[in-house]
Amino acid sequence: MTTDLGLMGRDAELEALGGLVGRLPGEGGALVMLGEAGIGKSSLLHAAAELAAAAGHRVLEATGVEAEARLPFAGLHQLLWPVLEAASRLPGPQERALLSALGAGDGPAPEPFRVALAVLNLLAELAAERPVVVAIDDLHWLDQPSQEALTFVARRVDRDPILIIGAVRNGHATPFADAGLAEFPVAGLDADASERLLLACPGHLSAAGRERILGEAQGNPLALVELAETSRLRGGPATDGPDSASSLTTRLEHTFAGRIAELSAPTRDMLLVAAIDYGSELAEIVAAASVLAGRRLGTADLDGAIAARLLRMAGTRVSFHHPLVRSAVLQSESMARRLAANAAMAKALADDPYRRTWHRAQSIIGPDDGVADELEASHVISLRRGSVATGIWALERAAQLTTDPGAKGRRLLLAAEHAFGLGRADMVARLLTEAARNELSELDRARMEWLKEIFNDGVPGDAGRVFELCDIAARSAAAGDLDLALNLLHGAALRCWWADTGPEARARVAEVTESLTVSTTDARYVAAIAVAEPVLRGSAVRDLLAAVPPASALDPVALHLLGMAAHAVGDLPRATDLLSRSELLLREEGRLGLLSHVLTMQIGDYLYMGDWDRAITVAEEGNRVAGDSGQPLWTTGSMSLVAIWCALRGETERALELAGAAEAEAGRDRLNDLLCCVQLARGIARLVTGDHEQAYQELRRPYDPADPSHHLRESFDGVMFYAEAALNSGHLAEAGNVLAELERVALITSAPLLHTQLLYARAVLADDSDAEKLYGTALGHDLSRWPLVRAKLELAYGAWLRRRRRTVEARLLLRSAQTTLDLIGARAWADQARSELRAAGERAAERLPSALDTLSAQELQVARLAAEGLSNKEIGERLFLSPRTIGSHLYRIFPKLGITTRAQLASRLRQMEPDE
């Protein structure tokens with residue numbers, strides 16, 4: 001089918017594509033071309049490529065092949081091979097990752113998102129010379145790593161002269177199609193265009209024949225052409241085949257199968273080998289087909305398939321006329337023939353052990369321990385090449401071929417561990433169910449319990465499960481697997497954190513952890529104790545944290561766990577330091593999966609320390625990164641934290657809406673920690689609007705041990721707000737009792753969060769005779785890392801002094817409070833400070849805009865990095881964006897901040913952010 005014939009009746013689609021190509025170089029973007037099989041996506045895609053080439057743009061093309069879907073980065077290899085020399089322009093780590101992934105260089109297993117960033121920057125480098133159009137046909141059949149990399153890039157090219165068009169068949173779930181990109185639906189031809197296309201096909205059709213084909217084809221161009229061709233070859237319309245109720249795809253496959261049946265035996269051998277081959281090299285296909293046929297075949301044996309419009313030849317590469325032909329070949333052959341073809345291909349691939357093993361595994365039905373061993377070994381190669389999904393398949397198939405039940409179970413558990421790394425709870429559950437049917441060793445059973453646990457942390461009130469996990473951990477440690485023991489204890493600790501499992505269960509986790517013969521500075525050891533017993537062991541954990549090596553000597557995973565421990569025991573400054581270091585290293589390594597977790601953990605820490613701009617910045621980026629890594633960030637926990645952010649800033653309706661949604665999720669499982677956050681969000685929202693009685697009723701609940709929202713450690717976050725609500729609603733006696741209990745807790749734990757907020761609560765709830773001394777004591781502490789607490793103290797003390805007509809002293813405090821609260825973005829409290837200043841006889845300054853009042857969260861992030869002296873390329877590497885996108889952000893940032901150069905950024909941002 002020529003291009004002109006394939007595009008007949010497509011004037012509107014061609015005009016739309018021409019418009020998209022014509023927008024380059026001014027505007028880039030990505031779109032998904034969706035349609036049924038044979039609907040004309042390929043022709044339109046090729047036409048778009050021709051339009052781009054005619055406009056002088058660089059065109060990169062690739063086509064997904066079902067048989068290559070298990071070859072890691074095969075799609076990127078096909079797409080980028082013509083321009084791979086430009087990889088030398090990339091930063092060293094990105095260049096090595098990309099070349100390693102594409103098999104063009106040696107290196108460690110490529111981190112998928114570093115590869116994706118390398119692809120983005122490579123395309124951006126090319127686009128700096130002339131616009132780039134990327135056209136990918138049958139994208140749903142690219143290998144998974146290539147699909148994920150292209151999806152990552154597609155989300156980020158709107159500001160670059162890059163247009164990415166991916167054609168996807170309806171009904172195929174792909175990251176690209178699910179990424180929220182613009183859609184370009186391709187429908188069938190209308191009646192007039194269908195008839196014109198049919199009349200343009202070779203051969204003569206009777207009126208009845210044309211009518212039948214038009215009815216069967218339903219406007220599908222491939223069906224029109226291929227049904228007409230079959231009619232020509234057979235001398236009339238086919239009378240056999242699927243009934244009218246069959247799908248059009250089935251009828252097309254039957255049409256191709258009819259042609260296959262008429263070919264010679266050698267040609268059918270060549271077709272079958274091509275259908276099961278992971279490559280498309282002619283020499284490889286001929287060699288394997290010769291083994292299958294039992295005699296030497298040659299390229300001439302392909303002529304019949306080419307004449308029947310089943311195969312195409314392009315140089316030394318063989319491809320199918322349409323993907324449905326491959327499906328028709330496989331369906332028309334018996335299982336015995338398909339097995340034999342795979343065995344023949346395995347023999348022909350003597351110099352490629354990786355692919356040979358795959359074909360051997362598909363050439364047998366019964367068990368074969370030798371092939372199983374080879375498959376298990378090959379899964380390591382798959383991981384090294386960056387395809388975890390392929391490695392999982394290899395282990396599953398190895399298990400199917402294994403005779404020993406213990407080895408079979410071990411392989412399935414290993415596959416489940418890799419599935420956990422992908423975030424695939426459904427796959428983990430299925431693999432564990434299969435593994436459980438086998439005889440497992442004590443350690444493998446322990447490993448299975450851990451894998452069951454990792455997607456189920458937080459089951460409420462299940463102290464029994466915590467004790468069970470602790471017992472399994474103790475046995476694992478006794479058997480010599482300390483890593484597994486620590487993993488199990490971490491899972492048990494998380495259960496204690498999210499929901500109330502009682503003091504005995506918490507103590508048991510800490511007891512078993514402390515009994516292990518591991519270093520007490522091991523991050524896993526510290527995190528398990530901290531998360532299980534954040535109050536009773538809080539001071540001890542802070543001592544352990546002080547003894548760990550410097551952050552610069554630790555890996556990002558250890559930093560993540562230590563940051564988690566610091567957060568758990570209320571040491572927020574240390575938590576942010578550790579987590580920000582982990583964040584930096586994870587960015588450098590391109591490990592987006594864990595990065596999303598680290599970003600989310602920082603939200604609350606920044607909120608309570610007073611850096612609200614950074615809190616929402618990490619929340620929004622965490623959401624974006626989670627989408628790239630296939631992990632839903634907006635879990636109930638992060639939703640409740642954003643609700644608190646909205647409440648603090650006076651966005652009351654949004655805060656209450658998010659709090660309600662979070663409560664609906666957390667309430668089902670009685671997750672005390674998250675229900676506590678919900679109550680804090682509601683209480684703060686009411687407090688900021690001046691509804692002090694309702695604020696008190698909401699904020700008192702986390703301090704009631706009988707309330708579902710009670711969580712002792714999480715309640716530390718709200719002490720300051722609870723005290724303010726109590727003061728303004730008159731509930732001083734009850735608040736005094738709560739405060740007295742918190743003072744007793746403060747004797748047990750050295751948590752900076754609790755002790756800092758108690759400084760405020762003691763002062764505002766004190767009798768007049770003690771208040772001044774307590775205010776002075778509080779402000780005498782080093783609160784440089786707690787600007788919100790310091791500003792709230794200055795506001796309360798300044799108001800106290802003004803009411804006693806000590807206006808000179810009051811103005812100094814109120815002025816400082818107003819400035820800091822304005823910069824934090826605490827509008828309601830800043831306005832209180834302004835009102836108090838006016839009452840003290842001073843004209844209050846107008847509200848200063850905070851950085852987030854002026855810039856979006858992402859613009860603020862870019863501005864901060866640019867102020868640190870990073871180049872556009874370096875900022876792009878940090879934020880997984882192209883340098884041109886960074887340049888576009890800065891182009892908008894400068895006039896918003898009233899500056900003209902990068903050199904002015906640092907001082908301007910300092911003016912807009914609270915001092916630490």
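In this predicted model, strands β6 (residues 311-314) and β7 pair in the antiparallel sense, and four bridges join them. Within this pairing, Leu311 has Phe320 of β7 opposite to it. The two strands form a hairpin with two residues between them, and Gly315 adopts a positive phi near 65° there. Strand β7 (residues 317-320) also shows an alternation of side chains. Val318 and Phe320 point to one face and are buried, whereas Arg317 and Ser319 point to the other face and are not buried. Phe320 is thus both the residue opposite Leu311 and one of the buried side chains of β7.

Strands of a sheet pair through backbone hydrogen bonds, and this pairing may be parallel or antiparallel. The parallel case is found in an open sheet of five strands, whose order is β2-β3-β4-β1-β5. Strands β2 (58-63) and β5 (182-185) stand at the edges with a single partner strand each, so one side of each has no neighbour in the sheet. From one strand to the next, the twist averages 20°. The edge strand β5 runs parallel to β1 (residues 29-35), to which four bridges join it. One residue pair in this register is Met33 with its bridge partner Phe184 in β5. Helix α3 (residues 41-54) packs on the sheet and touches β1, β2, β3 (132-137) and β4 (162-169). The direction of α3 makes about 170° with that of β4.

The description now turns to pairs of helices. Two packed helices are described by the angle between their axes and by the distance between those axes. For helix α23 (residues 463-478) and helix α24 (residues 482-498), the angle is about 165° and the axes lie 8 Å apart. Angles over 145 degrees count as roughly antiparallel, and α23 and α24 are therefore roughly antiparallel to each other. The crossing in which α23 passes α24 is left-handed. On the side of α23, the contact is made by Arg465, Val466, Leu469, Cys470, Ile472, Ala473, Ser476 and Ala477. On the side of α24, the residues are Leu482, Leu484, Ala485, Leu488, Leu489, Gly491, Ala492, Arg495 and Cys496. Sorted by class, this contact of α23 with α24 comprises 13 nonpolar, two polar and two charged residues.

A second helix pair is formed by α37 (residues 719-729) and α38 (residues 732-748), which pack at an angle of about 160° with their axes 9 Å apart. That angle makes α37 roughly antiparallel to α38. Here, α37 passes α38 in a left-handed crossing. In α37, Val719, Tyr722, Ala726 and Leu727 meet Leu732, Glu734, Ala735, Val738 and Leu742 of α38. The contact of α37 with α38 has eight nonpolar residues, one charged residue and no polar ones.

Individual residues give a further view of the model. Asp269 belongs to helix α12 (residues 265-276). How accessible is Asp269? Its relative accessible area is 8%, so Asp269 is buried. When residues up to four places away in sequence are not counted, Asp269 touches Ala289, Leu292, Ala293, Leu297 and Arg337.

Pro145, in helix α7 (residues 144-154), counts as buried because its relative accessibility is 8%. The C-alpha atoms of Pro145 and Gln400 are separated by 25 Å, and these two residues are 255 residues apart along the chain.

Two further residues lie in loops between helices. Asn438 is placed in the loop between α21 (425-435) and α22 (442-453), and it counts as buried at 12% relative accessibility. Beyond its neighbours within four places in sequence, Asn438 is in contact with Pro405, Lys408, Gly409, Leu412 and Arg445.

Ala551 is located in the loop between α27 (538-547) and α28 (556-568). Is Ala551 buried or exposed? With a relative accessible area of 27%, Ala551 is partly exposed, because buried means under 20% and exposed means over 50%. Apart from its neighbours within four places in sequence, Ala551 is in contact with Leu559 and Arg581. Ala551 and Asp577 are 26 residues apart in sequence, and their C-alpha atoms are 8.6 Å apart in space.

Terms used. Residues numbered from 1 in each chain as written. Predicted model: local features only at pLDDT ≥ 70, side-chain atom pairs only at ≥ 80, totals over all residues. Heavy atoms only, no water. Pairing = 2+ DSSP bridges. Axes fitted to C-alpha atoms, helices over the stretch in contact; angles between N-to-C directions. Contact = heavy atoms within 4.5 Å. Parallel < 35°, antiparallel > 145°, perpendicular 65-115°, else oblique. Left-handed = near helix turned anticlockwise from the far one by under 90°. Nonpolar A, V, L, I, M, F, W, Y, C, P; charged D, E, K, R; others polar. Buried < 20%, exposed > 50% of the residue type's maximum accessible area, 1.4 Å probe, protein only.
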